[in-house]
Amino acid sequence: MRGVEASPPSDLAAAVKAAARECGAAAVRIASAEPDAATAARMRVAFGRGDHATWSYDAGYAAAASDPATVLPGARAIVCVAVPYATPAPPPRRGHGRVSAYAWSNDYHKTMRATLDAIAARIDALAGARVTKVACDTAPLAERAFAERAGLGWIGKHTSLIVKGLGSTVFLGEIVTTLPLRPDAPLRTSCGSCAICLEVCPTRALRGDHTIDATRCISDLTQRRDPIPRALRPLLGNWVWGCDLCNDACPPTRLAGPGGDARFRPRSAELAAPGLQALLRLKGGAARQVRRSGMGWRGPVVLRRNAAVALGNELDRADVPALAEALDADPSPLVRGHAAWALGRIGSPRARATLRAALAAEADPGVREEVIAALEPSASLRAFQTETPCATAVRSPSSPSPC
Ligand code: B12
Ligand code: SF4
Ligand code: SF4
């Protein structure tokens, strides 16, 4: 404890909450800013197990993220807000990728920052001094844990915070303050016996105990800068940035519907469902447009790589010329390597001829390794089905295998 004092007045907390709602928060609750030892311990376990190995998290980060004084020395309270972001998804179209609803609008960090800054200014005005610091996503702060402590919602088995009436497709943001605001109590709600998110997750990233192996999560896989592990590529389907499957299937989120804040509508129809061949060629002016959205911060190379994987999963021979062009001419070895994989998956005579030609011309050892793997008979989905005809059949006790 950082000192025991008389209870802060509840009317100040009520005024702060009213201000937060007026500034655009759909839900707001207050947590004490005491350090959270249980969260620090959970994070240490998660990081030690390698759950977040693609991020530079360590014990130092766990200690920092579980103590709000890292964000603002002398912090006494955290005003935790939620803003819903899910707007209606475009209908699926062949040849087009899927983008998570969190990423297709203008970069949400800027939108959330504007809301949080406005709330902070109102709190500062109430206090008559600068008493706030805002955080959203990028600060070392265990946002979900403090939102749960505030009773803003509960942490689901998909690890996202679920807000009553809004579901889990909400952005979280915090105004950390040195004002002693009266805290709210955590909820007593839980997921109960529901396990729908675990069932829909294509990569089995969720363990069911509120933890995730983030190295298997499609959201993580589409954001990493290095090669996507080959075994996981087929599971990405046509996701080219993020993944909404566990959130969309979550009953409280489904009940809430896609009633996201209008500021999170897609920047354009193309951004919400990019043409995969166009994404594979993303450079120049088009790349600058994408950079302004939530899927732009890693740059165009990662997006071209993701397009190659999605095309490999579409299994359409019509995509072979675009993939051949990428394998031949893309300046990034990362993109050339994944284009090789996609050609191997399609496995048509033209795709294999392109791969053989690349083997003669390609100098990069990583790309050569991809090309060699893509030329192996098992790389092609058609060859795979021929060798093991039952492998992709869906079996259930009532419908015996057709093989
Ligand atoms: C790194 C990161 C990721 C990584 C790792 C995600 C993860 N689950 O850890 C990746 C890239 C995979 C990711 C994906 C997504 N992310 Co993200 N991400 C973050 C970030 C920057 C840090 C999270 C972190 O510290 N992880 C480390 C783990 C160990 O900590 P934790 O998530 O707090 O984990 C807690 C639980 O595991 C819990 N816990 C563990 N055991 C137990 C046991 C019990 C009983 C209970 C109750 C809890 C519990 O305690 C842990 C400590 O608090 C936060 C912003 C932030 N600063 O917090 C956004 C954030 C979590 N992401 C967000 C979003 C929107 C997403 C996506 C939905 C985007 C998308 N559609 O693709 C997906 C969701 C995937 C998923 N199922 O989690 C939002 C979540 C909003 C919400 N409603 O919860 C955040 C809060 C950003 C924001 N400000 O809005 N993300
Ligand atoms: S975001 Fe997708 S891949 Fe990640 S845990 Fe949820 S369903 Fe699984
Ligand atoms: S799908 Fe079910 S188990 Fe998963 S987070 Fe939602 S309510 Fe909880």
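Let me begin with one pair of residues: Thr132 has Thr177, in strand β7, as its bridge partner. What we are looking at is a predicted model, and I will work outwards from that pair.

Thr132 belongs to strand β4, residues 132-135, which pairs with β7 in the antiparallel sense over four bridges. Another of these pairs is Lys133, whose bridge partner in β7 is Val176. As a reminder, strands of a sheet pair through backbone hydrogen bonds, either parallel or antiparallel.

β7 also has strand β2, residues 77-84, as a partner; eight bridges join the two, and they run antiparallel. Here Val83 is matched with Phe171 of β7.

Now the whole sheet. In what order do the four strands of this open sheet come? The order is β1-β2-β7-β4, and the pairing is antiparallel. The edge strands are β1, residues 27-32, and β4, each of which pairs on one side only. On average, and ignoring direction, neighbouring strands in this sheet are turned by 20° against each other.

Let us stay with β7 for a moment. Is β7 largely enclosed or not, and why? Eight of its eight residues, 170-177, are buried, so the strand is largely enclosed by the rest of the structure. In a regular strand the side chains alternate between the two faces of the sheet. In β7, Val170, Leu172, Glu174 and Val176 point one way. Phe171, Gly173, Ile175 and Thr177 point the other way, and the residues of both sets are all buried.

Helices lie across this sheet. Helix α1, residues 10-22, lies across β1 and β2 and runs at about 140° to β1. Helix α4, residues 108-127, lies across β2, β4 and β7, and its angle to β7 is about 35°.

Next, the ligands, starting with ligand 1. How many residues surround ligand 1? There are 37, and the closest are Ala145, Ser160, His210, Ser219 and Gly242. The shell takes at least two residues from each of α2, α5, β7, α7 and α8, so to speak of β7 again is to speak of this shell too. The largest share, four residues, comes from α2. By type, the shell around ligand 1 divides into 18 nonpolar, 13 polar and six charged residues.

One of the closest residues to ligand 1 is Ala145, which has its place in helix α5. Is Ala145 buried or exposed? The cut-off for buried is 20 or more other C-beta atoms within 10 Å. Ala145 has 20 C-beta neighbours inside 10 Å, and therefore counts as buried. Leaving aside neighbours within four places in sequence, Ala145 is in contact with Asp36 and Thr39. Ala145 and Ala38 are 107 residues apart in sequence, and their C-alpha atoms are 9.5 Å apart in space.

On to ligand 2. There are 13 residues around ligand 2, and those that come nearest are Cys201, Cys217, Cys243, Leu245 and Cys246. Helices α7, residues 218-221, and α8, residues 245-249, each supply at least two residues of this shell. Its residues divide into ten nonpolar, three polar and no charged.

Ligand 3 has a shell that includes Cys191, Cys194, Cys197 and Cys250. Also among the surrounding residues are Gly156, Lys157 and His158, as well as Pro251 and Pro252. At least two residues of the shell come from each of α6, residues 196-200, and α9, residues 251-256. The shell around ligand 3 is made up of nine nonpolar residues, two polar and one charged.

The last part is a pair of helices further along the chain. Helix α15 covers residues 333-346 and helix α16 residues 349-361. Their axes come within 8 Å and cross at roughly 145°, and the crossing is left-handed. Which residues meet there? From α15 they are Ala340, Leu343, Gly344 and Ile346, and from α16 Ala351, Thr354, Leu355 and Ala358. Six of the residues in this contact are nonpolar, two are polar and none is charged.

Gly344 of α15 comes up again with Ala379. Ala379 is found in the loop between α17, residues 365-375, and α18, residues 381-387. Why does Ala379 count as buried? Because 23 other C-beta atoms lie within 10 Å. Apart from neighbours within four places in sequence, Ala379 is in contact with Gly344, Arg345, Gly347, Ala373 and Ala374. From C-alpha to C-alpha, Ala379 and Thr178 are 58 Å apart in space, and they are 201 residues apart in sequence.

That is where I will stop.

Definitions and conventions: Residues numbered from 1 in each chain as written. Chains lettered and ligands numbered in written order. Predicted model: local features only at pLDDT ≥ 70, side-chain atom pairs only at ≥ 80, totals over all residues. Axes fitted to C-alpha atoms, helices over the stretch in contact; angles between N-to-C directions. Left-handed = near helix turned anticlockwise from the far one by under 90°. Contact = placed C-beta atoms within 7 Å. Nonpolar A, V, L, I, M, F, W, Y, C, P; charged D, E, K, R; others polar. Near = placed C-beta within 6 Å. Buried ≥ 20, exposed ≤ 12 C-beta atoms within 10 Å, placed from the backbone. Pairing = 2+ DSSP bridges.
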